[in-house]
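The following exercises introduce a protein structure through worked solutions. Please study the sequence and the structure before attempting each task.

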Amino acid sequence: MQIQREGSVSFGEARLAVWEEGIPREWDARADWERKFKHDVFKRIIQTLNRIGWVVGEQTHIFTDNDSRYCTKGDLQADLRASGRMIELEFFQSVNTPDRADHGGRYQSDKELHMPYLARLEMERTRRRIRDYLCNVFTGYTFDTKRADGRGAKVGIGRLTALEFIAGCYETSWHFKGDPYKSPISECNSRSRDGKTIEHGSQVYYTDWKGRVLTGTAYYNINNMWWVASGRYGYNNKSTFEIYVESPGDLRTKRNESRRRKRLEDLMSTAVAAMDFKRAEVVRNILWPAAEPLFMVWHEGHSAYHRSGFSGYSASPIEAGKFTKAEIKGWSESPNKIVPVGAAA
């Protein structure tokens, strides 16, 4: 026998949410409504979890009242919580948490992406079983299949593909109003790093944040920025000076000179700070094999030195970027001041 309740079930990032409207404003009526909501819906979610092999117990993390439960099945974990007119079941795991291993992996970003394959399958099976049960037992329950689009959307398995995401950006952009061909692309916004013209929908080469050369399909974004889609779910937002129309050659070689330089300078600064001068000398000889004078650049407005690559500032001469004479050309005007390494600003 079905029960008369109206609400919606939706899926999010490693989560299932149940939402109902019509909660009363008056205090006593609101409390009665929430008790009924918990009895009819919250309790049935727990029963469904138990039926498919989950262990549901007391919650000891932050929300420890009777409206919360901690659920486990193998390596997969979940927090179940009722709050007002919403019930939320959020899944997580602690097997693969490269960014946030604390609190069992609850605060790891992109939870679905980092889940082991079998755990992700179990999560999907679990929330579909709960969704199907609730939509069958309650007459007015529906599954909200509307997916986010545009720049706030998620891309990945079970979400948008890279091309769907890009199409969503066109749909929600006041500039394009759904039509990527609405505005002509100027010459300066289509000139690639190798001096060629980037065509909308053409195959191009580009470098990722580690300097590796990859290939993909270019779709115009705005100004000199282009979406580059690679594979089913991969995409990057690249400027024209990061894109090659023709192969840049030697695809095995990384284009990461600036990252390499910054990393080596950081290693040298760390060695100097630790008074490990032998190691600092080894790194210095890698950076500047020719014996030449080095300089720092002091910024009077910030009262600090420019860091490596002129990216950021530091008041410490040890952490300051070190530059050759050729690299400081044009940096001698106020508010900048050239300082030889070893001299005080």
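Contact means heavy atoms within 4.5 Å. This is a predicted model, in which local features need pLDDT of at least 70 and side-chain atom pairs count only at pLDDT 80 or more, while totals for chains, interfaces and linings use all residues. Residues are numbered from 1 along each chain as its sequence is written, and side-chain values use heavy atoms, leaving out hydrogens and water.

**Exercise 1.** Describe the overall form of the protein and the sequence range of its contacts.

*Solution.* Step 1: The secondary structure comprises six helices and 16 strands; helices (H or I, at least four residues) and strands (E, at least two) are DSSP runs, numbered from the N terminus.

Step 2: The radius of gyration is 28 Å, well over the 20 Å from the globule rule for 345 residues, so the protein is more spread out than a compact globule. This radius is taken over C-alpha atoms, and the rule is 2.2 Å times the number of residues to the power 0.38.

Step 3: Along the principal axes, the C-alpha atoms fill a box of roughly 85 × 55 × 40 Å.

Step 4: Of the contacts between residues at least 6 apart in sequence, 51% join residues at least 24 apart.

**Exercise 2.** Determine which residues of helix 6 are buried and which are exposed.

*Solution.* Step 1: Apply the cut-offs: buried means under 20% relative accessible area, exposed over 50%, and partly exposed in between (1.4 Å probe, protein chains only).

Step 2: In helix 6 (residues 277-287), Ala280, Val283 and Leu287 are buried. They lie on the same side of helix 6 because they cover an arc of only 65° around the axis, the arc being that of the directions from the helix axis to the C-beta atoms.

Step 3: Lys278 and Val282, on the other side of helix 6, are exposed.

Step 4: The cover over the buried residues of helix 6 includes helix 5 (257-273).

**Exercise 3.** Examine the backbone at Met275, Ser303 and Pro335.

*Solution.* Step 1: Recall that most residues other than glycine have a negative phi, and most peptide bonds are trans.

Step 2: Met275, in the loop between helix 5 and helix 6, has a positive phi of about 60° although it is not a glycine. Met275 counts as exposed because its relative accessibility is 62%.

Step 3: Ser303, in the loop between strand 13 (295-299) and strand 14 (304-306), also has a positive phi, of about 50°. With a relative accessible area of 44%, Ser303 is partly exposed.

Step 4: The peptide bond from Ser334 to Pro335 is cis, with omega near 10°. Pro335 lies in the loop between strand 15 (313-314) and strand 16 (336-340).
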